[in-house]
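Me: I'm new to this one, so could you walk me through it with a few questions and answers?

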Amino acid sequence: MSKSIILDAGHGGSDPGANGFGVLEKDWNLKITLYQYKRLKDLGADVHLTRDKDVTLEHVQRVARIKNQYNVCVSNHWNAFNGQARGIEVIHSVHAKPAFAEDLAERLLGATQLPLRRVFSRTMKPGVDYYYMHRLTGKTETVIIEYGFIDNVTDHQVFLNDELFYAAAEAVIEGICNKIGIGYQRQEREGSSKVETETPVKAVKSGNYSGKRLVSHHDGKLRFYTKPSWEDKDVFGYITKDQGFPTVLEKVTIGRGSQYKVKNSKGKVFYITASPVYVSVK
């Protein structure tokens, strides 16, 4: 029998949460949560929400909607600090095993290529969780996801790109499905309720890539694939900042994202993200 889950869009209403470059955290929290809710519903999950609009929830109200009523809670957030800090954080209760939080973090790392800052728990004193979402939600296993730093220009640009925003959402959906025991199917295209088991690939007629090369400007490792895919099993290797491929053949659409078909100096063909957040073609 599958488990139940409640999704929490952090902050809301008079509590905007963090902010960066004109975006309020509460708005991104709600956007990603509503998307995940609809997808999980379509996949047959027993899924619920703490809020479905921009309303204020006091701590006691939020906790009352979660505590001991569901097996799992995922609370969606973005971080902020000093504009320099960046990366993904997933926080679990001191009383919970870290496996679910670690799995979500790894999935997000693969989907966004953002750095993984940490997976951790925090206590106010021995045996007592620091965050009220862990401390006061009873037997419900709660994880808090910080998708990135909203006030860091690189992290922020990632989530301004809808391909990557929804790729992050899908990564968490897949992790949730694995956790609660339901089957996951990849979304066919943005805005569609139809799902699929194979990712469609089509060439994009845009640009002349003759004589052009691809270079990574991403600070971390950037995966490239043996075929048009976003799947871990199809990863061939990684490039780092200022590395790349000498030949760009074409741009293709894979599901909700795009990749460049590229060739290395030995003539071998690979596929790599076409997001301008990560790569340049010159």
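Reply: Sure! Let's start with a cut-off we'll need: helix angles over 145 degrees count as roughly antiparallel. Keep in mind that this is a predicted model.

Me: Okay, how are α3 and α6 oriented to each other?

Reply: Helix α3 covers residues 99-112 and helix α6 covers residues 162-180. They pack at an angle of about 150°, with axes 9 Å apart. Angles over 145 degrees count as roughly antiparallel, so α3 and α6 are roughly antiparallel.

Me: Which residues of α3 make that contact, and how many residues of the contact are nonpolar, polar and charged?

Reply: From α3 come Phe-100, Asp-103, Leu-104, Arg-107, Leu-108, Ala-111 and Thr-112. On the α6 side, the contact residues include Leu-164, Ala-168, Val-172 and Ile-176. Split by class, the contact has 10 nonpolar, 3 polar and 4 charged residues.

Me: And how do α1 and α6 lie, going by the angle between them?

Reply: Helix α1 spans residues 25-42, and its axis comes within 10 Å of that of α6. The two cross at roughly 50°. That angle falls outside the parallel, antiparallel and perpendicular ranges, so α1 and α6 are oblique to each other.

Me: What is the make-up of the contact of α1 with α6, by class?

Reply: Among the α1 residues involved are Trp-28, Ile-32, Tyr-35 and Leu-40. They belong to a contact in which α6 contributes, among others, Phe-165, Tyr-166, Ile-173 and Cys-177. By class, that gives 11 nonpolar, 1 polar and 4 charged residues.

Me: Let's move to the strands. What is the order of the open sheet?

Reply: This open sheet has 6 strands, and the pairing is mixed. Its edge strands, β4 and β7, each pair on one side only. From one strand to the next, the twist averages 15°. Reading across, the order is β4-β1-β5-β10-β6-β7.

Me: Is β1 mostly covered or uncovered?

Reply: Strand β1 takes in residues 4-9. Ser-4, Ile-6 and Asp-8 point one way, while Ile-5, Leu-7 and Ala-9 point the other way, and all are buried. With 6 of its 6 residues buried, β1 is mostly covered.

Me: Which residue in β4 is the bridge partner of Ile-6?

Reply: β1 and β4 pair in the parallel sense over 4 bridges. One β4 partner is Asp-46, which bridges to Ser-4. For Ile-6, the partner is His-48.

Me: Then what about β5: which residue there is the bridge partner of Leu-7?

Reply: Strand β5 covers residues 72-79 and runs parallel to β1. The two are joined by 5 bridges. In β5, the partner of Leu-7 is Val-74.

Me: Which strands does α6 touch on the sheet?

Reply: First, α3 lies across β5, β6, β7 and β10, running at about 25° to β10. As for α6, its direction makes about 160° with that of β5. Packed on the sheet, α6 touches β1, β5 and β10.

Me: Last one: is Asp-234 buried or exposed?

Reply: Asp-234 sits in the loop between β15 and β16. Leaving aside neighbours within four places in sequence, its contacts are Phe-224, Tyr-225, Thr-226, Lys-227 and Ser-229. Buried means under 20% relative accessible area, and Asp-234 has 8%, so Asp-234 is buried.

Note on methods:
Residues are numbered from 1 along each chain as its sequence is written. This is a predicted model: local features need pLDDT of at least 70, side-chain atom pairs count only at pLDDT 80 or more; totals for chains, interfaces and linings use all residues. Side-chain values use heavy atoms; hydrogens and water are left out. Axes are lines fitted to C-alpha atoms, for helices over the stretch in contact, and angles run from 0 to 180 degrees between N-to-C directions. Angles under 35 degrees count as roughly parallel, over 145 as roughly antiparallel, 65 to 115 as roughly perpendicular and the rest as oblique. Contact means heavy atoms within 4.5 Å. Ala, Val, Leu, Ile, Met, Phe, Trp, Tyr, Cys and Pro count as nonpolar, Asp, Glu, Lys and Arg as charged, and the others, Gly among them, as polar. Buried means under 20% relative accessible area, exposed over 50%, partly exposed in between (1.4 Å probe, protein chains only). Two strands pair if DSSP finds at least two bridges between them.
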